[in-house]
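Dear colleague,

I am handing over the structure we spoke about, and I would be glad if you could look it over before reading my notes. The notes come straight after it.

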Amino acid sequence: MSLQLYNSLTNQMESFDSIEPGKVRLYSCGPTVYDFAHIGNFRSFLFGDLLRRTLELFDYQVHHVMNITDVGHMVEGETDKMSEAANRMKENKKSGRVPEGAIEDPNDPYQIADYYTQAFLEDARKLQYKIAFEYPDNVPKATDYIDGMQKMISRLIDRDHAYVAEDGVVYFSVESFPRYGELSGNTLEKLQSGAGGRVSDENQSRKRHPADFMLWKPDQHHVMKWDSPWGVGYPGWHIECSVMAGQLLGQDGIDIHTGGEDLIFPHHECEIAQSCCANGSDHFARYWIHARFLMVEGEKMSKSKGNFFTARDVFTGVATGSQVHPAVLRYELIKSHYRANMNFTKKGLEDSAGVVQRMLDFESRLERETGGEVAEVDRSHPLLAKFSAALANDLNISEALAEVIPWIRQEHPDPRESLAVWRAVNSVLGITDEENEAADSDPIFEQVQQWGDEMKDARSRKDWDASDAARQKILDAGYEVQLVKDGSVVIKKSLA
RNA sequence: GGCGCUGUGGCCGAGUGGCUUAGGCACAGGUUUGCAAAACCUGGUACGCGGGUUCGAUUCCCGCCGGCGCCUCCA
């Protein structure tokens with residue numbers, strides 16, 4: 001069975017073949033670390049994770065790399081993102097969102113970048129984003145690759161694909177790369193007319209073509225700056241991914257490159273141009289796969305609408321009013337097809353919580369029945385065959401889940417086989433894991449347990465009023481109560 | 001204006017030229033239960049609008065309307 005993927009480069013479905021048999025080189029555009037990552041970022045990242053896990057299910061050995069962008073790129077020529085982050089950090093410290101003492105000096109961009117990098121990794125691990133467990137090896141930081149960027153820029157200049165403009169800025173010459181526009185469907189003429197009045201005239205006049213993009217900008221005053229053959233300054237945004245992908249995954253091209261749909265142009269278009277021209281190769285990535293945007297309650301997520309949520313806003317209950325288990329957020333963010341807009345809602349989260357609870361219960365039941373012993377299964381097992389066929393169809397997760405959920409409800413006469421099947425399914429879904437369950441401890445849990453005991457005692461006396469009162473206290477604390485036939489009371493924390 | 005994606009029942013969300021027409025949540029009825037919850041069983045409601053092709057279209061074609069992204073900050 002071959003994996004079918006929708007390639008943004010050709011705008012059609014294609015059978016996946018890797019450059020090296022059995023191995024996949026996968027690159028995902030990662031977060032900028034000027035602030036906490038939001039749920040839209042994680043939708044895109046978790047799509048990359050789902051792709052990686054699916055490839056692994058199909059027995060590929062996947063080398064996945066994702067960058068961390070920690071260079072403070074310029075905004076509007078005035079402020080840069082690191083300075084903005086420093087200001088925000090000072091506010092966040094005041095409001096308590098960032099604990100006092102978390103950062104010694106908010107004016108040190110490296111401290112800010114490091115703080116948000118660690119925060120990102122923490123969130124990503126809770127969400128079972130596999131690559132976050134491979135930091136730092138497969139999660140490179142842009143500022144560690146300045147030297148490589150400079151070498152690539154030099155090579156582009158040597159090959160006449162880049163030039164130093166009269167103001168000292170190094171630009172990539174899009175006219176030197178006829179295929180520029182291949183990914184986004186743009187042409188240089190259209191770009192020229194589309195640019196309109198957005199870009200200041202002074203800047204444009206120094207470029208050979210309006211679409212030429214910056215590779216290095218000399219700027220003594222920039223908050224993060226490095227020495228270079230073109231003066232002290234900082235690199236352009238696009239060059240870092242070309243360099244890190246090349247150094248970590250090899251110069252002879254990568255198999256799959258992923259990112260959010262907004263990165264198609266200009267970012268990925270520019271990566272292709274730089275990489276192909278610097279390496280003298282025809283291909284950079286053979287498959288480009290882009291995830292669509294996330295909406296919140298039917299609207300675009302934006303700070304001004306107040307529907308802009310970070311992952312930790314969701315975990316802690318800031319977003320919806322109740323705490324959300326990371327597995328529920330993960331499920332919510334992966335449950336719909338990556339090429340469809342997804343609508344993030346409180347109701348959706350509650351739905352997801354129900355499914356996740358069912359999965360957790362199912363797994364613990366099988367663990368109990370088998371003592372953790374599993375049978376041998378492979379992908380020819382009926383459920384796994386259907387599950388993987390669905391995923392092979394451009395990661396059709398909805399269809400895959402539509403097979404799994406009814407299967408869970410079925411009778412499971414051979415729990416050891418079912419557990420093995422479940423583990424294979426879960427290796428892709430990433431729902432249950434020991435780490436999150438262990439992290440579930442709650443200071444009021446002992447109190448809740450005590451109410452549970454009260455309820456059990458009251459029930460044995462048939463004192464229904466006392467039983468109901470105890471149950472209400474448990475429910476109010478955000479827990480759910482289940483009665484078992486033998487008279488015991490099982491208490492579970494609500495997942496969302 | 002250009003490029004690309006998209007519109008399915010109360011909600012989320014697959015899929016298909018006709019066949020038993022996903023799955024989840026919610027809702028209704030039932031089993032169970034002190035009452036709930038959970039679990040299990042049963043049930044109803046679809047394919048943006050207008051044309052065309054066809055014996056037959058939600059599915060193909062054309063047009064229209066709506067939503068989303070990009071067109072040098074953006075997952």
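Below is what was found, taken topic by topic.

Please keep in mind throughout that this is a predicted model. Chain A is divided into three parts, namely domain 1 (4–291), domain 2 (295–438) and domain 3 (445–493). The centres of domain 1 and domain 3, taken over C-alpha atoms, are separated by 53 Å.

To begin with the interior, the largest nonpolar core has 93 residues, and the members that touch the most others in it are Phe120, Ile256 and Leu329. Helix α1 (residues 39–57) gives the most to this core, contributing nine residues, and the core draws at least three residues from each of domain 1 (4–291) and domain 2 (295–438). If we take Ile256 as an example and leave aside its neighbours within four places in sequence, its contacts include Leu5, Phe16, Val24, Leu26 and Tyr27, as well as Leu51, Leu55, Tyr287 and Ile289. Arg25 is also in contact with Ile256, and Arg25 returns further down among the charged residues. Apart from this, there is a second, separate core of 44 residues, which includes Met149, Leu156, Ala162 and Trp230.

Next comes one of the sheets. An open sheet of three strands runs in the order β14-β13-β15, with mixed pairing, and its edge strands, each pairing on one side only, are β14 (299–300) and β15 (342–344). Strand β13 (residues 294–296) is joined to β14 by two bridges, and the two strands run antiparallel; within this pair, Met295 stands opposite Lys300 in β14. Helix α1, already mentioned for its part in the core, packs on the sheet as well, where it touches β13 and β15 and its direction makes about 145° with that of β13. Helix α10 (residues 326–334) also packs on the sheet and touches β13 and β15, its direction making about 150° with that of β15.

Finally, there are the charged pairs. Side chains of opposite charge can pair when their charged atoms come close. A search of the whole structure finds 26 salt bridges, and I describe some of them here.

In one of them, the side chains of Glu350 and Lys346 meet at 3.4 Å, N to O. Because Glu350 and Lys346 are four residues apart in helix α11 (residues 346–370), they are separated by about one helical turn. Glu350 is partly exposed, with a relative accessible area of 40%, and Lys346 also counts as partly exposed, at 34%.

Another salt bridge joins Lys492 and Asp361, at 2.9 Å, N to O. Lys492 lies in strand β17 (residues 489–493) and Asp361 in helix α11, so this pair ties together parts that are 131 residues apart in sequence. Lys492 counts as buried, at 18% relative accessibility, whereas Asp361 is partly exposed, with a relative accessible area of 27%.

Glu403 forms a salt bridge with Lys386, the closest N and O atoms being 3.8 Å apart. Since Glu403 lies in helix α13 (residues 397–409) and Lys386 in helix α12 (residues 382–392), the pair ties together parts that are 17 residues apart in sequence. Glu403 counts as partly exposed at 25% relative accessibility, and Lys386 counts as partly exposed at 45%.

Lastly, Glu20, Lys23, Arg25 and Asp252 are linked in a network of salt bridges.

With kind regards

Terms used
Residues are numbered from 1 along each chain as its sequence is written. Chains are lettered from A and ligands numbered from 1 in the order in which they are written. This is a predicted model: local features need pLDDT of at least 70, side-chain atom pairs count only at pLDDT 80 or more; totals for chains, interfaces and linings use all residues. Side-chain values use heavy atoms; hydrogens and water are left out. A nonpolar core is a set of buried Ala, Val, Leu, Ile, Met, Phe, Trp, Tyr and Cys residues joined through side-chain atoms within 4.5 Å. Buried means under 20% relative accessible area, exposed over 50%, partly exposed in between (1.4 Å probe, protein chains only). Domain bounds come from an automatic or database domain assignment. Contact means heavy atoms within 4.5 Å. Two strands pair if DSSP finds at least two bridges between them. Axes are lines fitted to C-alpha atoms, for helices over the stretch in contact, and angles run from 0 to 180 degrees between N-to-C directions. A salt bridge is a side-chain nitrogen of Lys or Arg within 4 Å of a carboxyl oxygen of Asp or Glu.
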